[in-house]
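Here are some short exercises with worked solutions. Have the sequence and the 3D view ready, and try each task before reading on.

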Amino acid sequence: MMIAAIPWILLLSPLVGCVLILFFGRASKLLSSGIGIFCAGLSLLCAWFLWLKGGVVEVPSFPWVDYTSFGKQFRISIGFLLDDLSLPMLVVVTTVAFLVFIYSVGYMAQEEGYWRYFAGLCLFLFSMLGIVVAENFVMMFLFWELVGVSSYILIGHYFRRDSAADAAKQAFTVNRVGDFGFLLGILLIWLYSGTFSFNDLKGKAQVITDAAPWLLTTGLVLVFLGTVGKSAQFPLHVWLPNSMEGPTPVSSLLHAATMVAAGVYMLARIFPALSLSPIALEVVSWVGGITCFLAALMGTQQNDIKRILAYSTISQLGYMVIGISVATASTVAVFHLFTHAFFKCLLFLCAGSVIVGMHHEQDIWKMGSLKNKMPLTFIMMGIGTFALAGVPPFSGYFSKDLILEWAWIKGTPVFWFGAITIALTTFYIFRLFFVVFLGPPRSDEAKHAQESPRVMLLPMLILSILSLTVGWPFIGHFFIQPVHPEHVPLFLRFILIGFLAVGALVAYLLYAKGPLKDPIQVAVFENRFYIDNFYDWLVKEIQGRFAGICAFVDRWVVDGFVKIASGCVWLFGFCLRMLQVGNIQAYAFYFGAGILLIFFLLLSK
Amino acid sequence: MNPILLEAVLVCYAFLLLLVEAFNSRMPRRYFGWAAVVGTTVVFFMTFFVDSSKMNPEAGYYGFYAADTLAILFKRFILLVSVCVLIMAIEFAPVLVRYLPVEKPDAGSGEMYSLVLFACAGMMWMASAQNFVMIFVSVELVTITFYVMVAMMRGNRASLEAGIKFLILGAIATSLNVYGIAWIFGTLGTTELPEIGAILQSIDSSLFPSLLFGFGLIFAGISFKVAAFPFQFWVPDVYQGAPTPVTAFLSVGSKASAFVVLMRVLESMLSNSELSSKILFMLSLVAGVTILMGNLSAIPQTNFKRLLAYSSIAHAGYLLMGAASIVSGNSGPAIAYYLMAYLISNMLAFGVLLVVGKSTGSDELVHFNGLGKKSPWLATALTLAVLSLAGLPFTVGFFGKFFIFSSALQAQQFILVGIGILGIGCGFYYYLKVIRAMFWLPASKEQSISSPIEISKPYAVMLILLSISLIIFGVYPEPIFNLIP
Amino acid sequence: MDIANFAEASATLGHYLIVSGLLFGIGLMAVLLRRNIIILFMGVEMMLNAANLSLVAFSRFHPVGGGPAVDSQVFLFFIITVAAAEVAIGLAIIVALYRAKQTMHVEDLDSLRF
Amino acid sequence: MSPLVFLILLLILTSIFCYLSPASARRTAFMGSALQLILFLSLLLIYLFRVEDGAEVFYGWKWELLPELGVVMGLGMDGFSAIMLLLATLVTFAAVWATPAPERSVGFYYGNLFLIAAGVVGAFASTDLLFFYLFHELALIPTFLMIGIWGTGDKHRVAWKVTIYLALASFVLLIGILGLYINLPEISRTFGMRELVDLANSGVLQTPDWVFVMLFLGFGALVSLFPFHTWAPGAYACAPSSVAMLHAGVLKKFGLYGLLRVVLPIFPHEMQEYGHVLLILILGNIFFVGYATMAQRRLDWMLGYSSVMHMGYIFLGIASAMVPFAGGGGSYYLNPLSLGGAGILMFAHGISIAILFALSGQLRRRTATLEFSELGGMGKTMPAFGLLMGMGTFASIGLPGFANFSGELLVFFGAFGSGGAQFLNFYQIATAIAVWGVVVSAIYGLRAYRWTCFGETPERWVGSNELVDLRGREKFAIWILVVFSLLVGFWPQGFLKLLIPALLAQ
Amino acid sequence: MQLAIFWIFSVLMLLFAGLVVVMRNPVASALSLVMCFICLAGLYFTLDAFFIGIIQILVYAGAVMVLFLFIIMLLNLKEEVARRLKLSAFFGGGLVLCGFVYAMVKAVINLPEVWQTAPKLETGGISDVARIGFKLFETYNMPLQIVGVILLVATIGVVFLSSRQLR
């Protein structure tokens with residue numbers, strides 16, 4: 001009984017926190033953050049408890065919709081699927097979230113809308129936990145949408161800034177496009193398998209495949225569209241860099257560590273079905289590869305500290321998606337998900353620390369020489385950078401190389417995308433690192449930057465420890481046991497290290513000396529392959545025009561019929577009235593004509 | 001009580017009033033109006049004590065006079081109309097007198113009351129008429145009385161013009177009617193409706209042309225009274241020109257009594273199935289065109305009285321639609337109910353029109369602007385009236401339309417129903433125009449200066465009673481329905 | 001045609017009816033063509049009389065009990081009476097109109113229209 | 001006598017009191033609306049405790065108006081009507097409490113408003129088709145008056161249009177109702193909805209096709225089914241917000257209610273036969289009108305269009321509610337998912353559009369314009385407004401947690417599955433396009449929210465004291481709506497337990 | 001013989017009727033109408049309806065037409081001035097006339113025995129007037145009384161409409 005209640009407490013405590021903050025949070029900042037941190041902490045405790053306890057926890061589910069008719073049961077329940085996948089994920093999510101909550105106290109200290117922010121974070125945590133524990137597709141979709149909302153709220157935190165408002169809107173809309181596919185996929189899989197429970201999926205998927213393989217493939221690809229939206233895969237990746245308009249902790253928690261990884265988590269959930277469909281896997285791997293490569297290319301030419309990290313996130317998500325598609329178990333990708341969660345969160349928190357130190361200046365070409373002003377941030381950022389680049393003892397190395405090993409084994413060309421991306425990743429992250437922390441201070445803010453308060457540094461510290469260590473097999477496998485491929489040739493490791501070294505070397509040569517502006521400029525990369533422009537054009541010209549035409553047609557054609565009909569009636573009445581000339585003789589004539597009419601009707605055969 | 005006494009009492013009473021009025025010039029004429037109201041009311045209550053079995057058909061009436069439930073119903077109906085018209089006439093007397101060369105301020109209005117009573121008696125006879133001769137005579141009584149009443153405001157050109165139009169066209173209709181009767185008589189050798197019905201059941205088809213020729217002419221004559229296309233052209237002009245109480249009387253009483261006649265004639269003519277198909281086809285065509293004519297021409301109207309005239313044409317169309325659906329078997333009650341609804345709502349509309357017209361001196365719709373502010377009660381009453389005319393639920397007019405359309409549907413008159421729907425759509429437009437004027441549009445400057453509309457108490461009581469019955473019977477139609485055979 | 005035949009010859013119902021129809025038509029033409037209201041009214045009287053003629057003709061040609069059908073003649077009596085009353089009223093109205101408007105022209109009577 | 005009679009009488013009496021004493025009309029209106037909500041909520045609670053499931057008709061009452069003709073005024077409440085009545089009373093309450101008071105003729109305003117409310121409540125409390133129709137018509141003229149007197153923009157033209165359009169449509173509907181009635185044998189003539197369905201099921205009621213067409217066109221046009229929807233956007237845009245709330249929120253559900261209650265069970269074959277036509281029209285609603293909504297540049301017009309668009313989802317539910325048995329043989333069963341989804345969506349849409357119209361009315365009162373280009377930043381100047389507006393927008397674009405989401409989801413499930421197993425059948429394509437509609441509505445909904453509440457406050461409002469935030473009672477009323485929407489969103493099962501048995505019982 | 005009389009009277013009647021339409025002067029028209037009605041009375045006589053014929057002369061040709069003439073004189077009506085030829089009215093009227101006559105002829109020729117001469121009358125010595133009188137006062141008692149009311153109404157109306165000053 002007690003234990004069965006714990007998952008519910010885990011899930012609902014952030015929701016309760018959100019409601020409480022909504023109603024009472026305006027009273028004081030302390031109250032808002034206090035409630036938020038308390039609720040997150042409660043979830044954290046529950047998550048750790050459940051995980052450490054281990055074993056199966058039977059949780060009674062709540063019937064959201066439950067109806068039986070004509071012998072068929074239709075049941076959508078809000079329930080918990082606590083297994084090897086979700087329990088560690090819960091731990092990671094709650095841990096990172098808890099740290100970010102604490103960090104936020106410092107980061108947001110001077111900001112307005114404190115209560116709004118914490119309410120949003122609580123809502124986010126609730127929805128994210130919902131995704132993690134979801135036992136079926138519909139429940140996952142429900143929370144999937146909810147994280148979209150919380151993301152919307154948090155990105156739009158500075159809603160008076162036009163860019164933030166637009167970014168929030170864009171993020172939501174693009175996600176909705178992904179969800180369109182997701183929902184259709186759910187519908188399709190449900191219709192032909194009769195279930196949306198993840199537990200039943202494997203068996204039922206086999207049934208569909210046996211009947212019509214392409215049906216399952218279509219369904220899975222549609223579901224994957226959800227991942228494309230949520231995990232910012234190409235071509236729906238555009239929202240993620242824009243979402244950096246939100247406060248940095250938000251970027252760190254939602255748009256780096258947890259929410260965007262939900263897509264990958266979902267793929268991991270449906271992995272049993274996915275592995276039945278080679279075509280779907282192929283699609284997934286190509287999308288992942290392209291995303292991973294393109295995002296890294298775009299990242300090399302960004303100047304906004306958060307945007308660089310955002311592209312990096314997209315790129316890393318691409319790795320995870322590749323990981324899903326190449327490995328024989330979902331744990332490979334999930335492993336990278338975990339390590340990435342920690343080090344990307346760390347990177348963002350460090351970036352946030354830098355930004356606070358720089359008085360909200362985000363352009364890296366206005367920074368420089370911060371290693372002296374912010375030594376702790378410098379060190380922790382360095383850990384993050386190494387982890388991201390995948391320098392051997394750091395966590396990123398273990399997880400990323402594992403994916404590439406699997407890709408190599410699989411023999412897909414996508415491997416080369418991933419491999420080259422290693423070089424690119426190293427290049428852009430070191431570029432960032434060098435420009436921000438080394439070289440001369442490039443602005444007044446840089447000269448007067450200060451170290452962040454302790455409340456921010458503490459979470460960063462914890463995260464940097466985790467980033468360093470979580471990839472080590474004996475620690476990492478405490479969370480998850482990724483499957484290692486057999487027969488990995490040794491030279492592969494060298495190739496990968498080589499790519500890494502090339503990237504680092506180029507970055508060092510170009511940026512370590514502290515140039516005042518970027519020595520290389522590639523417009524295509526800087527302008528993100530003009531994809532954003534293309535979307536702008538699409539939305540404005542195509543969709544806008546189409547909407548305009550629809551409105552016009554509605555106003556003048558559909559309604560035009562109504563107008564014409566009513567006008568005709570009026571005109572007809574007006575003309576008929578003209579018969580009423582007022583002359584007796586005319587009336588007498590009408591009489592005569594009328595009699596003739598009656599005779600005609602009566603007397604004609 | 002012998003039913004024939006009803007008309008006799010009424011006519012004698014009217015004659016008495018006339019005499020008293022002629023020899024007593026000192027008494028205010030208003031009193032005669034009230035006396036007439038009282039008399040009519042008494043006769044109305046007398047109808048409840050009528051015993052048809054007392055009537056000996058052989059002894060006195062030779063098949064002229066029927067006192068069946070239909071007749072009694074319509075007699076009551078006409079008496080009610082007359083009461084309303086009399087009350088309206090009393091209210092209208094000052095306006096009437098304005099257009100008369102008079103010695104004293106209220107001279108000349110006395111005749112009005114007795115004329116109303118005579119017309120009422122004529123209509124009651126119409127309701128009972130079973131014979132073409134009787135029909136002719138009673139119709140003429142009504143028509144001639146109306147000639148006088150329409151032209152009553154003899155100083156008013158519009159009234160005179162209306163009188164002339166009504167006179168000439170009415171006379172043409174009379175001659176058509178007579179001609180038709182002659183032919184029916186010539187073909188069948190009788191003028192008695194039940195007998196005609198009996199003969200028609202086994203008649204040689206070679207007689208059909210002459211029979212239909214006669215019927216066509218009679219139908220034209222009755223159509224004139226009913227205001228059916230194409231004999232409705234006089235209606236707007238005459239309604240507009242006539243004194244308002246007379247218009248009300250004309251539009252409700254005259255139409256209703258003409259409908260009884262039509263129903264009775266149809267009843268006998270339709271006893272032959274071959275004839276009936278032709279007649280019904282003609283009827284439905286006439287009904288359809290009448291609905292269209294009335295409703296469409298009303299749309300651009302700006303004069304309220306004229307608008308009501310067109311609307312009364314439209315209602316004639318709906319009633320004819322009921323008549324054309326006679327095969328459904330329940331169109332008789334439907335028509336009766338519709339007429340009842342029409343009575344209540346049209347009387348209310350004319351009642352409000354009268355006082356507003358009296359106060360503003362015009363019947364133009366513009367003068368109703370801002371009535372909702374100026375005298376909300378009147379505005380409410382008029383709103384109810386037009387809504388009922390439009391056939392909105394919870395007013396008595398709805399059930400009228402409901403029954404008519406259901407009988408039309410039962411008779412499979414789908415095209416007619418379609419036209420009816422179109423007509424109702426138009427109807428909403430022009431009836432709402434009245435509501436718009438009262439509630440949306442601000443009163444013009446000159447009107448806002450004019451004093452508030454004064455209504456005498458009895459008149460107000462009449463309006464209130466009409467309004468209340470309009471709603472009550474709109475929710476609970478059974479009392480009326482029980483009266484209908 | 002010899003004399004005997006001529007003496008015997010009499011008009012049939014058809015003759016009378018057609019004559020009455022023509023009279024009716026002429027009356028209608030008077031109504032339609034003339035402008036003087038009084039003459040319009042005369043036309044209406046002609047129409048009424050045409051009807052009367054048919055009635056009398058019918059009564060003669062469909063005898064009842066040996067004599068002409070008296071019912072229709074009684075009816076005719078009524079018609080004539082009523083027509084007389086109608087004429088009286090009509091002329092009174094016309095006089096009133098003339099007093100008020102100084103006109104007899106139908107075309108001047110078009111203030112009420114549309 | 002049924003307590004529902006008291007509920008209707010309460011509304012009518014409030015209306016009359018408002019008409020009669022304009023001075024205290026405002027107070028009367030507040031009291032009346034609160035009272036009716038409390039009365040109904042207590043009735044609902046009693047209902048929930050007393051009945052097994054939603055199929056049971058409670059508070060039944062009959063007044064035989066014309067017994068020989070079967071004209072009976074029947075009131076009663078089963079699960080479905082309970083939900084609609086809940087919606088009606090809630091929105092009535094909010095329409096009084098959450099909207100700005102009129103500047104002139106207060107008594108007349110509230111009198112008319114309560115007349116509309118009485119019509120709405122009466123319609124949903126009727127168990128009898130005729131009175132169901134009659135009560136609906138009761139709202140017609142007050143709407144006309146209110147749009148014409150207190151509306152904004154092109155109010156006069158719009159008031160004409162909506163009134164005549166709806167009057168015509170409802171007359172077409174009446175012909176359909178009469179068609180049902182006259183096709184019954186004389187002895188068993190009735191207008192009772194359940195009786196009619198029973199008679200149809202037992203084969204006594206045989207109806208020709210035109211009856212279905214008339215009923216369908218009538219109900220369809222009243223719900224603004226494409227292409228009979230053009231009355232709706234303008235009317236809602238120009239109407240005073242309380243009227244827009246009641247009309248778009250509740251009154252418009254009348255047609256859907258009728259379709260679900262009467263047309264669907266009586267005409268299963270026709271619903272199947274014409275299902276494809278209906279699906280195309282629905283796509284007109286969702287896709288075409290959805291994009292037309294996107295092109296709107298005024299908040300009120302946008303809301304008006306969006307309410308037309310959202311009808312499409314409910315229609316989708318209705319269109320897919322009749323499913324042929326897999327074995328064939330021409331028999332059908334009712335798809336509880338579609339039915340339940342449509343029912344929930346009716347409630348949900350009513351709530352969400354009422355919230356949005358209440359807020360847009362408040363905004364218009366303050367800014368005198370709803371042109372997007374002149375708005376912005378209201379989230380800062382009026383935080384409570386911004387929050388509630390966000391709630392309303394989220395609800396209306398179907399975010400989880402709000403009732404709309406559960407409704408839409410169920411409808412999608414119902415519709416997707418009802419076309420049989422063949423891949424890419426008509427129902428599946430229609431559902432796919434409908435799901436795309438969710439994206440479309442997200443685009444315009446968020447755009448509207450962004451343009452009103454986000455961004456910078458325009459120059460003219462800076463430093464002005466006109467943009468005061470919502471007052472306590474307004475917030476309270478809207479929050480109640482939000483709470484009910486959330487309740488259904490979080491626990492649709494509770495509502496489905498009422499809804500589906502009621503709908504399947506027929 | 002009867003046929004000849006019929007033809008004489010009917011032709012004359014139609015001729016005078018035509019003159020009513022044609023004559024410009026109202027007095028002339030009225031006088032033509034008188035003649036027309038007298039001829040009509042003649043036709044009644046050919047139909048053995050002597051009482052009716054006499055009534056026709058008395059009431060119509062006598063009283064009614066005197067009334068007409070009186071009014072024409074009283075109002076001192078001048079000749080009708082032809083404002084313009086109403087071609088449309090002419091053609092319209094002609095059309096209506098033709099149509100009407102056509103329909104009537106059609107009805108007439110369908111009547112049975114329409115071209116047969118009238119049957120002999122066997123009145124049994126009871127005069128026309130007596131028969132009508134009995135009928136009128138016995139069977140048609142009720143319409144007769146109504147006609148009385150009509151006359152009363154007409155009287156009131158005339159008085160009302162034409163008295164110079166109302167008391």
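**Which chains touch?**

No contact (heavy atoms within 4.5 Å) joins chain C and chain D, whose closest C-alpha atoms lie 24 Å apart. This is a predicted model: local features need pLDDT of at least 70, side-chain atom pairs count only at pLDDT 80 or more, and totals for chains, interfaces and linings use all residues. Residues are numbered from 1 along each chain as its sequence is written, chains are lettered from A and ligands numbered from 1 in the order in which they are written, and side-chain values use heavy atoms, with hydrogens and water left out.

**Exercise 1.** Find the pair of chains with the most contacts, and describe its interface.

*Solution.*
Step 1. Set aside the pair D and E. No contact joins chain D and chain E; their closest C-alpha atoms lie 39 Å apart.
Step 2. Eight pairs of chains touch, and chains C and E have the most contacts among them.
Step 3. Count residues. Chain E brings 87 residues and chain C brings 76.
Step 4. Take the buried area (the accessible area, 1.4 Å probe, that two parts lose on being put together, summed over both). Chain E and chain C bury about 7,600 Å² between them, and 75% of it is on carbon and sulfur atoms.
Step 5. Look for salt bridges (a side-chain nitrogen of Lys or Arg within 4 Å of a carboxyl oxygen of Asp or Glu). Chain E and chain C have two. C:Arg60 pairs with E:Asp48 in a salt bridge, with the closest N and O atoms 2.6 Å apart.

**Exercise 2.** Describe how chain B meets chain C.

*Solution.*
Step 1. Count residues. 37 residues of chain B contact 43 residues of chain C.
Step 2. Give the area. About 3,400 Å² is buried between chain B and chain C, and carbon and sulfur atoms give 80% of that.
Step 3. Name the top three on chain B. B:Glu161, B:Tyr179 and B:Phe185 supply 18% of the area that chain B buries against chain C, more than any other three residues.
Step 4. Find the salt bridge. There is one between chain B and chain C. C:Lys101 forms a salt bridge with B:Glu161, with 3.8 Å between the closest N and O atoms.

**Exercise 3.** At what angle do H7 of chain B and H2 of chain C pack?

*Solution.*
Step 1. Locate the helices (DSSP runs of H or I, at least four residues, numbered from the N terminus). H7 of chain B covers residues 157-188, and H2 of chain C covers residues 13-33.
Step 2. Read the geometry. The angle is about 170° and the axes are 12 Å apart. Axes are lines fitted to C-alpha atoms over the stretch in contact, and angles run from 0 to 180 degrees between N-to-C directions.
Step 3. Classify. H7(B) and H2(C) are therefore roughly antiparallel, a term for angles over 145 degrees.
Step 4. List the contact residues. H7(B) gives B:Ile172, B:Ser175, B:Leu176, B:Tyr179 and B:Trp183, while H2(C) gives C:Leu17, C:Ser20, C:Gly21, C:Phe24 and C:Val31.

**Exercise 4.** Which domains does chain B have, and what lies between them?

*Solution.*
Step 1. Split the chain. Chain B has domain 1 (1-270) and domain 2 (272-485), with bounds from an automatic or database domain assignment.
Step 2. Give the spacing. The C-alpha centres of domain 1 of chain B and domain 2 of chain B are 21 Å apart.
Step 3. Count residues. Domain 1 of chain B puts 53 residues into the contact, and domain 2 of chain B puts in 50.
Step 4. Count salt bridges. Two link domain 1 of chain B and domain 2 of chain B.

Conventions:
Helices (H or I, at least four residues) and strands (E, at least two) are DSSP runs, numbered from the N terminus. Angles under 35 degrees count as roughly parallel, over 145 as roughly antiparallel, 65 to 115 as roughly perpendicular and the rest as oblique.
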